[in-house]
Amino acid sequence: MARVKKCHFITCAFDVLLIIVCTAICLHVSEAKVYKKGLSIDYSQALVYQTISKRDSCLLNALDANEVNNTTEIKHPYSARKCSFDLFMKDTLFISGHPNEIRSTEPAYKIALTINFMTDYSLDRKLYEIEVDFVNEKIYLLTINGTYEVYKLAVLDTKGKYYSIILTDLDAPSQLALDPAVGLLFIAQQSSILRAGMDGSSPSLIVKKSGIARMLTIDRTSERLYWASHVNIESVNYDGEDRRVVLPISLRMPLGLAFVSNRLYWLKPVTGLDEKPEIWSCDVDGATGACRTSNQLPHNGDYIKGYDFKEMRLTLDSAVNPCKSNNGGCQQLCLLSNSSSTGYSCACKLGQRLNADRKTCNSAAQEEFLLYAQGRFLLGKSLDRLGTDAEDTPNFADVIYPTGMRIKFLALNKVPSVTCDVRDGLVMYSEDKGIYKQDLFTPIKYGDQIDESQDSYYAQVAHLAVDWVSKNLYLSIISTRLSNFVIAVHPYAGIGSPPPVSGVEKYSYLYIFPSHDWIIESIAVHPNRGYIFLGVSERTGEHSGVYRFNSDGTDKKLLYNRQNVTSLAVDYKEDRLYWICQDGTTLESAKIDDAATDSRKLDVLNMKTVSVDSKWAYVSNYTGVWRVDKLSGTLVTKLKNVNPGEGMLAGTMIFSAESQPLLDDHPCAVNRGGCQRLCFAVPDINEAVGLKKKCGCLTGETLQADGRTCV
């Protein structure tokens, strides 16, 4: 019988500790073998194919491009449906199955996007294509589902420190390819292929063809790109020239393409509902560019990507990376580009812009920009990237994350009214009976609904305007009880402030027009003068024009008799009112206390909105925006970088503190002037600032004897 060795307590504890440490080390080594030291891919060339399991998890397998029977599973600890992925050499897998996260199998790259994405949709929607710049260690994200996100190309560094939007206004993109050796990127769109520098510079369409399959792949060695149509798989060089037919196909287009060495792979669709697409391949003849012989591989998949690790290693060893040393001198992002003489350019994270040295960044981008609604999103473009000059490139023009609105899509019969409070970074917009408040700089899925009680008094919200000092939202509504237009006001909460109203009724009705023949076409507010302005059309025309009210709805006055004033804007520094006339081509203005008007005929049709800054007026119709000298009406220039696809536009305005100045000693500026519900600053020449405070209550409430509280 073997003897049991007795041990001292300390010795036993040491042995146990040694076992624990050894076990931990073994586990660490085991984990490192899979994640840190590599992905268990032993092939020099590989095709990675993705399949969706019955458990809806994203399964990845690598196939040896030189021996198709050799496959290995790429293990990763993430569960996702329809995931996007890319490999950083053989060492790291970047994967995303949800819009607000990108994960990595390399601990050094445990990244999370630095922006709070507005979407929270379920994991069964693939929103992005991921491509890794393996030379410069940047991650590129292409939005491929425009229902839930604006179509855009974004970039972030692999540590997740800096995130920026390179391009928006893409044409239903679906796939992205990078060639960091020459600083180019390619995007497959619904009827074209776009080429640009990897910083988004010099974008151009090198393939234009209807019926093109929304997929592509590139051969970095021969510098050619491949795509498919209904009848052929074709290729061109990086300049879009030397077009060749690679392979005639059936009427069913491939579902994916990949290229490894001289071999092309594609996913062939099958008829069975439960069957996975077949993986086919062929060797491409270098002289003719055509497939020699096509072969079906003994594998099926839902998505494919090709990797020539030998070629990638040669590129890493031989390519000049100007960003490698000291980040190219860039403070934040250094991006490769073939459009620059230096081979790179600097960029800033979203919300910042480059200084004059083109290296360092400042936070001024969000202090002044053009804000507008496009499709179902709110976008903001930098004023120096609008496309007024040939040098205004569209890359890095976005200064805010495109924010979703609680509407389906803009339409001619359903155009929301949009207004903003610059000081609090808020946008408010209407949708039928709903009014929504959105924080522009902390994007979420949807804005907060202001009127969740759905007031039965009105059928539809027509127009909105904001008093950013008193925190009053003015709105014109169509009454269901009277079929008349009504001016109403709603007290809203600024950032960090509690809601001023918690009851059912949230409005005060200031003025009811005498009949349904009176239609409110537009509304504007001048908080520093205590006025509301309305553009009103009346059936006979006798009472049509621009009206002025005090901020509490009293003292109605017809200032200018005009038919169908479709938009109003106030130049707050000059105390000047601008409006668009009935013909949709005439812009007029006048001092708010002067009967004399100036008229300017513009070479723009069907103008719908106008906004002004210190020098310019910005006018828009439903598809475009123009900048014009606000005093002379000359220098009319279309903004080519705003809505180039000519989708539906609404609510164009300048977002800047200068456009909403604060008056010293404004009586409602602090805590609503002490009013419980509403604070109105009404004109009074006897007051030093020309305004006096007047508290108000909501409909159904009574102002008490203290002049402040409501019951």
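Which elements of the chain have the lowest and the highest mean pLDDT? In this predicted model, helix 1 (residues 9-36) sits at the bottom with a mean of 35, while strand 24 (residues 333-336) comes out on top with 97. The pLDDT is below 50 over residues 1-37, a stretch that has 18 contacts in the model beyond near neighbours in sequence.

Taken over the chain, pLDDT averages 84, and 85% of the residues score at least 70. Another stretch to treat with care is residues 452-457, where pLDDT stays under 50. Where pLDDT is low, the predicted coordinates should not be read in detail.

Here are the two stretches side by side:

| Stretch | pLDDT | Contacts in the model |
|---|---|---|
| Residues 1-37 | below 50 | 18 contacts, beyond near neighbours in sequence |
| Residues 452-457 | under 50 | 21 contacts, beyond four places in sequence |

Now for the interior. The largest nonpolar core has 68 residues, and Ile41, Tyr140, Leu141, Leu153 and Leu185 have the most contacts inside it. A second core, separate from that one, has 31 residues, including Ile435, Val461, Ala488 and Tyr492. In soluble globular proteins, nonpolar side chains tend to be buried together.

There is also a neat sheet to look at. Its 4 strands follow the order 7-8-9-10 in an open arrangement, with antiparallel pairing. Strand 7 (128-133) and strand 10 (163-168) form the edges, each pairing on one side only. On average, neighbouring strands of this sheet are turned by 20 degrees against each other, direction ignored. Strand 7 is joined to strand 8 (residues 138-143) by 6 bridges, and Val132 stands opposite Ile139 in strand 8.

Definitions and conventions:
Residues are numbered from 1 along each chain as its sequence is written. This is a predicted model: local features need pLDDT of at least 70, side-chain atom pairs count only at pLDDT 80 or more; totals for chains, interfaces and linings use all residues. Side-chain values use heavy atoms; hydrogens and water are left out. pLDDT is the predictor's confidence in each residue, from 0 to 100. Helices (H or I, at least four residues) and strands (E, at least two) are DSSP runs, numbered from the N terminus. Contact means heavy atoms within 4.5 Å. A nonpolar core is a set of buried Ala, Val, Leu, Ile, Met, Phe, Trp, Tyr and Cys residues joined through side-chain atoms within 4.5 Å. Buried means under 20% relative accessible area, exposed over 50%, partly exposed in between (1.4 Å probe, protein chains only). Two strands pair if DSSP finds at least two bridges between them. Axes are lines fitted to C-alpha atoms, for helices over the stretch in contact, and angles run from 0 to 180 degrees between N-to-C directions.
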